[in-house]
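Please load the model in the viewer and keep a selection prompt at hand. The stops below are to be visited in turn.

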Amino acid sequence: MSTLISAEQLGHSFQDHWLFRNMTLGINRGRRVALVGVNGAGKSTLLKLLSGRLMPVEGKVVHARDLSLGYLEQDPSFGSAVTISDYIFHSDNRQQQLIREYEELLENDPENIKEIERLTIELSNLDAWEYEYQIKTILGRLDIHHLNQPITTLSGGQRKRLSLARLLIENPEVYVLDEPTNHLDIDTIEWLEKLLTEGNKTIIMVTHDRYFLDNVCNEIMEIDNGKMFTYQGNYAYFLEKKAERESADAAAFAKNSNLLKKELEWMRRQPQARGTKSKARIDAFYDLEEKTKNAGPKAKVELSVKAARQGNKIMELHHLNKHFGDREIITNFSYVFKKGDRIGLAGKNGSGKSTLLNIITGSLNPDGGEAIKGETTVLGYFHQSGIVFKEDERVIDVVKNVAEFITMADGKTISASALLTLFLFPPKKQHGFISNLSGGEKKRLQLMSLLMKNPNFLILDEPTNDLDIDTLNVLEEFLTDYPGVLMLVSHDRYLLDKLTDQLFIMEGNGDVRIFNGNYSSYREEIEEQKQLAKKQSVNDKPAPVVAIPTPAPKKNKLSFKEQKEYETLESEIAKLETVIKELTLKMNSGSVTEHQELMDLAKQIEDKSNEIDEKSMRWMELEELKEA
């Protein structure tokens, strides 16, 4: 198995703080690796080093010759590209430039039949229709439609999706992905999972999404205290082996600590004359001290704040209506919140999730109906834009501006500084500036500032972005025991499944569906409906007049040949649909007037339609065999 990227004796530091040293690793073809570790461990830095975006302070990174590597960073840059087209399509790729001209023509000048015909012929000559379909599918799934749109007008989420789209179109040998699921809705994440696991892709990524990690990766690398630990298996296996390792480390630490105390006592009593034996013992003491240093039990975020008392009337939504222009977002939606409600808010990007939350919190007025808040209800709203901190403000002052002392769940009162320490902000960081915090640390500070107000109705809008998995586990533990009402918007299916037992599903056209169950239950229902519709479609379709072959014995899985056929059928069907579209345009354009030529075009369209029917039937047959 060929090594595509190798790192030897790698070390990197920022402002005299070493993230890691003497790290050696190799990325072989076909490995799909998830990189995990707490915020500040150096995950994103390691991705930059491995991709060549950053030079290491120590050691070296070597790439295989002529390696094509795609790097998705958290805050992408677009160079000199002005429009989406400029960024997506490479000027030195003839197929891409033809596809660009064709797509822009269909969007901006669809009546220009002559030019469409010319490009159609060129695309056919280069056999580029399948490639065009792939590009169109990727852009559509990532909600990128207007190719002439200036990049400067895009939001942060749109920029991240645009960067991901280009990487998927390029299909490099190595995918280096930093939080690829941020700003994607759940449907798109599930599509991306399938795309990344097709073929023999090589992937190294950082993600907080544990279902995504499990479904895409087959290996986990953890950066812990500057060292790398590798686990072959899924997230559950990683947790099990990590617990075993930390248990062994804790036992070794306790043993070393006791030994260190005895050695320290001896060092203090030792005579001035240092013989050979005492010299050896002194050396052993310093070696032991080095092993024990920074090896103690790990600090972790502690979430334990008191929720305000909640009355019987919490929040009532009566016949809510909201639209923007001609677009209906919410139509006649009512709900009365009850004590203990744990509700997930699901729907595609732009379906109106944030709009509903803004109406509930009172920052947006509905066009009709009303949201009535109970007198004792204290709202806590953790939203994507977050609290805007002043970069030149000190961390401790941000907290003291909310409260000097905070009541914890057990009724005890602690100082703002003590609470910061529980949230993994040591004294040095407390008196440092906001500008020195990482994105994850700012999110943690935002969450802490919110919980200090003791809300009993907590709304979390995408709380997982930029938080490490360890902090997420603690957040989940806190929310599991949270006594108030919880509303959660998240693309993290693991979080939705664990914390919610009811869903508000924004289905589009103003419809908000109430579903009793978690997200996995909802997906199971959708899949059952799809399978039912597919079987109904097969049963309703008239049988083609062809000889019926003897049925093959039922198989549990597809053969290699059938699998290859299954994978290509969908793109072949799409290609045929494109050809039919072009033939229909030509026939209806008025440029063809001869009767015989029109008959020929109609016959071609009929033949292609029959071919689509045959391929569709075959696809359904293989799909049933695959799932048998």
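Select strand β12 (residues 342-346) and strand β19 (residues 502-508): the two run parallel and are joined by four bridges. Strands here are DSSP runs of E of at least two residues, helices are runs of H or I of at least four, and both are numbered from the N terminus; two strands pair if DSSP finds at least two bridges between them. Within this pairing, Leu345 has Phe504 of β19 as its bridge partner. Now add strand β18 (residues 485-489), which also runs parallel to β12 and is joined to β12 by four bridges. Here Ile343 is bridged to Met487 in β18.

The model is predicted, so local features need pLDDT of at least 70 and side-chain atom pairs count only at pLDDT 80 or more, whereas totals for chains, interfaces and linings use all residues. Residues are numbered from 1 along each chain as its sequence is written, and side-chain values use heavy atoms, with hydrogens and water left out.

Colour β12 by accessibility: five of its five residues are buried (under 20% relative accessible area; exposed is over 50% and partly exposed in between, with a 1.4 Å probe and protein chains only). Arg342, Gly344 and Ala346 point one way from the strand, Ile343 and Leu345 the other, and all are buried.

Next, select His323, which lies in strand β10 (residues 315-324). Is His323 buried, partly exposed or exposed? Its relative accessibility is 36%, and therefore His323 counts as partly exposed. Apart from neighbours within four places in sequence, His323 is in contact (heavy atoms within 4.5 Å) with Glu328, Ile329 and Asp367. A distance label from the C-alpha atom of His323 to that of Thr355, 32 residues apart along the chain, should read 9.8 Å.

Move to the open sheet of three strands, with the order β2-β1-β4 and antiparallel pairing. Because β2 (17-28) and β4 (58-63) stand at the edges with a single partner strand each, one side of each is left without a neighbour in the sheet. Neighbouring strands of this sheet are turned by 15° against each other on average, direction ignored. Strand β1 (residues 3-14) pairs with β4 in the antiparallel sense over five bridges, and Gly11 stands opposite Glu58 in β4. Add helix α1 (residues 43-51): this helix packs on the sheet, touching β1, β2 and β4, and its direction makes about 130° with that of β1. Axes are lines fitted to C-alpha atoms, for helices over the stretch in contact, and angles run from 0 to 180 degrees between N-to-C directions.

Select helix α3 (residues 94-108) with helix α5 (residues 129-141): their axes come within 10 Å and cross at roughly 65°. Show the side chains of Gln95, Gln96, Ile99, Tyr102 and Glu103 in α3, which meet Trp129, Tyr131, Glu132, Ile135 and Lys136 in α5.

Finish with the largest nonpolar core, of 51 residues, where Leu142, Leu162, Leu168 and Leu196 have the most contacts inside it. Such a core is a set of buried Ala, Val, Leu, Ile, Met, Phe, Trp, Tyr and Cys residues joined through side-chain atoms within 4.5 Å. Helix α6 (residues 156-170) gives the largest share of this core, six residues. Apart from this core lies another, of 42 residues, among them Val395, Leu450, Leu495 and Tyr522.
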